[in-house]
Amino acid sequence: MGFWPRLALAALAAWRLTHLLAAEDGPFGLVLKLRTRLGNGAWGQLMDCPYCVSLWVAAPLALLLARDLLGWALSVLALSGAVCIVEAALDTLASPRKER
């Protein structure tokens, strides 16, 4: 598989996993139980922020794209950035439109 299809798949996978961890209950409520168990501490707050979670999710996925350490670091940022763009776009679509 070429680079661009891998990038697209990794970006979609990063968004899906990030959304699951930060915004969904998960299968059988397991992700909700994890977030509840983590509480309001640093780890619990991390799980509530899709922008934060996206960095941790992107790190292993970036291994599919990178050939060296610099490539990996840039791939982490690129995948996290893709997640942030999708999250912001979906938030914009979901929010009620203001009248002009």
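A nonpolar core, as the term is used in these legends, is a set of buried Ala, Val, Leu, Ile, Met, Phe, Trp, Tyr and Cys residues that are joined through side-chain atoms within 4.5 Å. The views that follow are taken from a predicted model.

**View 1. The whole protein is built from 5 helices and 0 strands.** Read along the sequence, these elements give the pattern α-α-α-α-α, and the C-alpha trace spans about 45 × 40 × 25 Å along its principal axes. Of the 100 residues in the protein, 27% are buried. The accessible surface comes to about 7200 Å², and carbon and sulfur atoms account for 69% of that area. Among the contacts with a separation of 6 or more, 51% are made by residues 24 or more positions apart.

**View 2. The largest nonpolar core contains 15 residues.** Ala-14, Val-57, Leu-61, Val-76 and Leu-79 are the members that touch the most other members of this core. Helix 1 (3-23), helix 4 and helix 5 each supply at least two of the core residues. When residues up to four places away in sequence are not counted, Ala-14 touches Val-57, Leu-61 and Val-83.

**View 3. Val-57 is found in helix 4.** Val-57 has a relative accessibility of 9% and therefore counts as buried, because the term buried applies under 20%. Leaving aside neighbours within four places in sequence, Val-57 is in contact with Ala-14, Leu-17, Thr-18 and Leu-21. One of these partners, Leu-21, is 36 residues away from Val-57 along the chain, yet the C-alpha atoms of the two residues are separated by 9.4 Å.

**View 4. Helix 4 has 12 residues and packs through its buried residues against other helices.** From its first C-alpha to its last, helix 4 reaches 16 Å, which is close to the 16 Å expected at 1.5 Å a residue. The buried residues of this helix are Pro-50, Val-53, Ser-54, Val-57, Ala-58, Ala-59 and Leu-61. The elements they pack against are helix 1, helix 3 (42-48) and helix 5. As a general point for reading such a list, an α-helix has 3.6 residues a turn, so residues three or four places apart point the same way.

**View 5. Helix 5 has 26 residues, among them the buried Ser-80.** The end C-alpha atoms of helix 5 are 37 Å apart, which agrees with the 38 Å that its residues should span at 1.5 Å a residue. The buried residues of helix 5 are Ser-75, Val-76, Leu-79, Ser-80, Val-83 and Glu-87, and what covers them includes helix 1 and helix 4. Ser-80 has a relative accessibility of 5%, so it counts as buried. Not counting residues up to four places away in sequence, Ser-80 touches Tyr-51, Ser-54, Leu-55 and Ala-58.

**View 6. A nonpolar patch of about 570 Å² lies on the surface.** The residues that make this patch are Leu-55, Trp-56, Leu-70, Leu-74 and Leu-77. Helix 4 (50-61) and helix 5 (69-94) are the elements that give two or more residues to the patch. Which of the helices gives the most to the nonpolar patch? Helix 5 does, with 3 residues, and Leu-74 has its place in that helix.

**View 7. Glu-24 and Arg-16 form a salt bridge.** Side chains of opposite charge can pair when their charged atoms come close. The closest N and O atoms of Glu-24 and Arg-16 are 2.7 Å apart, and a search of the whole structure finds 1 salt bridge. Glu-24 is partly exposed, with a relative accessible area of 21%, and Arg-16 is also partly exposed, with a relative accessible area of 38%.

**View 8. Phe-28 lies in the loop between helix 1 and helix 2 (30-38).** The phi angle of Phe-28 is near 60 degrees, which is a positive value in a residue other than glycine. Is Phe-28 buried or exposed? At 75% relative accessibility, Phe-28 counts as exposed, because the term exposed applies over 50%.

Notes
Residues numbered from 1 in each chain as written. Predicted model: local features only at pLDDT ≥ 70, side-chain atom pairs only at ≥ 80, totals over all residues. Heavy atoms only, no water. Patch = residues over 30% accessible without salt bridge, like charges linked within 9 Å, V, L, I, M, F, W, Y side chains within 5 Å. Areas by Shrake-Rupley, 256 points an atom, 1.4 Å probe, with all protein chains shown as cover. Salt bridge = Lys/Arg side-chain N within 4 Å of Asp/Glu carboxyl O. Helix = DSSP H or I, 4+ residues; strand = E, 2+ residues; numbered from the N terminus. Buried < 20%, exposed > 50% of the residue type's maximum accessible area, 1.4 Å probe, protein only. Contact = heavy atoms within 4.5 Å. Expected span 1.5 Å × (residues − 1).
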